[in-house]
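Q: Could you take a close look at the side-chain pairings here, charged ones to begin with and then the aromatic rings? I'd like to know which residues pair up, where they sit along the chain and how covered they are.

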Amino acid sequence: MKKALAIILSLVMVFALLPVSAFADDGPKPYDPEDFVSAYISAYEVDSEGNYSGVDYYIFDTDPEAELNELEGVRYEPETNTLYLDNLEYPELVFETNGMGDDFTVYITGVCSIANMKIWGDGYGGSIRFEGSGTLEVNKDGYVSYGILVEAENSESAISFGKTVNVIAYGEEFTVGVVETTVSDAGKAIVFENGEAHEVRTVNPYEQDVQIFGFSPIDPEELDEPQSYGMRVNYADDPDGIYTATVLDFGFLDIEPDDDNTEPEPDSDDDTAIYIIVKYAYCEEYDTYLPDFSAFDGTGFAFLLEEDFEELGFAFVLEDGEPVEFINENPILMGYYTLAADADGNLYGILENYDEELEEYYYEVYNITEVEGFEHVYYTELNSEINAEELSIVTQIVEPEDPEELALYDYFINEDEFVYCYVLFSFISKKEETNNEKSFKHYACGAYDYERFQHCRICCFLSGY
């Protein structure tokens, strides 16, 4: 669970920093007290829905002040950087490691069963090698959506399976995966030493689903209060334009523990803020105000630090000394839709929703009409006659802004059930696919790929509307 906390703390930095890799030596990443997170091996328990249950185990940590505890059937040997699992039957247990280097080994004896394994590279090295004479079953009960995942985080990390170990992994989304690794060869990213090989799917990390901005009208009577687009601001370089500002206060990032050292509280004295500036324009066809994506070099919005707000020519519109809200009298529902196509090439928008009563996600299909005079803006209407499963996701290749940037690669074994066994050389074939929300076909340049796999990344999205 430590990694999640570190990610929250580092989100504000991703706008300013380029990825930097360190070359991993053998062994864990050396401890740096100024780093957000240490190298560690931890484990925690999940329930049948994959949610954290509150039970933690800390097996190893380079932080000298970390409190470790023991778990029967689990032992770490620092001299060889090896984690030993001996007859560990704990199907609710998730293992998580960070920055353990490229010689990190998991040695299996007896029959072991766990929920899954997640390995973070931390820009240093997070490879994992499975050895031993026993059998490891991963995610047999389907508590989580995948079996073994290496998040290389811009490091040269890989997964390998020795000749005498048996590993059986299950996953609804995928079974074994390596993402954001600098290893450019699939045969070296996921290695099988028994001479057999599963089909490893390579995912282009620069291939992205196409997202479109869409809107539909809302009955004003359905809203508890008028639709506000934020505070009205004037822009010196475009005095006739309609601009709004939404202020995000990042004081919560500077947290201090309270007296009993349990609950961190936001630092109210921290006035760090980001101003999100959005330009709007009136659309006569639909009698409403829409984002103008032609502004700010084609993005439609700008993120400004507080000290740059006035310097760049922005000022709040004041009335009786108070900022004035910009109210849209004819409110609309706005959002980003995933672009999809049918077999004839007709385009639609797909929106994911959550049914609180059924406690499950579902997809809605919308007809889309491009709005004249507005770039990349679509009017949407619900189409209940089309099943989202009949459509294919439209993708595009987005090249890195810096051509010198090191390419990152993603590799997956997409079978619902993966077996690696030296003795039997047995490989269970892929189960019949079911029509669920992750079974969209892949549509690009007229070609279909029925093994489309949609994996998720940690994203930071800030919206001013």
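**Charged pairs and ring pairs**

A: Let's start with K279, which has a relative accessible area of 15% and therefore counts as buried, the cut-off for that class being under 20%. Keep in mind that this is a predicted model. The partner of K279 is D238: the two form a salt bridge, with 3.0 Å between the closest N and O atoms. In sequence terms they're distant, 41 residues apart, with K279 in strand 23 (residues 273-283) and D238 in the loop between strand 19 (227-235) and strand 20 (242-249).

There's also a network to look at: R129, E131 and E193 are joined into one by salt bridges that share partners. Within it, R129 meets E131 at 2.5 Å, N to O. R129 has a relative accessible area of 22%, so it is partly exposed; the 20% mark is where buried ends and partly exposed begins.

How many salt bridges are there by this rule? The count is seven. Another of them pairs D122 with K29, and here the closest N and O atoms lie 3.4 Å apart. This bridge ties together distant parts of the chain, 93 residues apart. Both ends sit in loops: D122 in the one between strand 8 (116-120) and strand 9 (128-132), K29 in the one between helix 1 (2-10) and strand 1 (40-46). D122 comes out at 18% relative accessible area, so this residue is buried.

R75 brings charge and ring together: its charged end sits over the ring of Y84, 4.3 Å from the ring centre.

That takes us to the rings themselves. Searching the whole structure turns up 31 aromatic pairs. One of them is F213 with Y336, whose ring centres are 5.5 Å apart and whose planes make an angle of 75 degrees, so this pair is edge-to-face; the label applies to planes over 60 degrees apart. F213 belongs to strand 18 (residues 211-217) and Y336 to strand 30 (residues 332-341), which puts them 123 residues apart, in distant parts of the chain. As for cover, F213 counts as buried because its relative accessibility is 2%, whereas Y336, at 33%, counts as partly exposed.

Strand 18 also holds F215, which forms an edge-to-face pair with Y379: 5.5 Å centre to centre and 70 degrees between the planes. Y379 lies in strand 33 (residues 377-382), 164 residues from F215, so again the pair links distant parts of the chain. Are F215 and Y379 buried or exposed? Both are buried.

Elsewhere, several rings come as a group: Y235, Y243, Y275, F296, F309, F314 and F316 form one aromatic cluster.

Now step back to the whole protein. Its secondary structure comes to four helices and 38 strands, and 45% of its 465 residues count as buried. If you take the contacts with a separation of 6 or more, residues 24 or more positions apart account for 69% of them. As for the outside, the accessible surface comes to about 25,100 Å², and carbon and sulfur atoms make up 47% of that.

How values were computed:
Residues numbered from 1 in each chain as written. Predicted model: local features only at pLDDT ≥ 70, side-chain atom pairs only at ≥ 80, totals over all residues. Heavy atoms only, no water. Phe/Tyr/Trp six-rings, centres within 6.5 Å; stacked < 30°, edge-to-face > 60°. Helix = DSSP H or I, 4+ residues; strand = E, 2+ residues; numbered from the N terminus. Buried < 20%, exposed > 50% of the residue type's maximum accessible area, 1.4 Å probe, protein only. Lys NZ or Arg CZ within 6 Å of the ring centre and 35° of its normal. Salt bridge = Lys/Arg side-chain N within 4 Å of Asp/Glu carboxyl O. Contact = heavy atoms within 4.5 Å. Areas by Shrake-Rupley, 256 points an atom, 1.4 Å probe, with all protein chains shown as cover.
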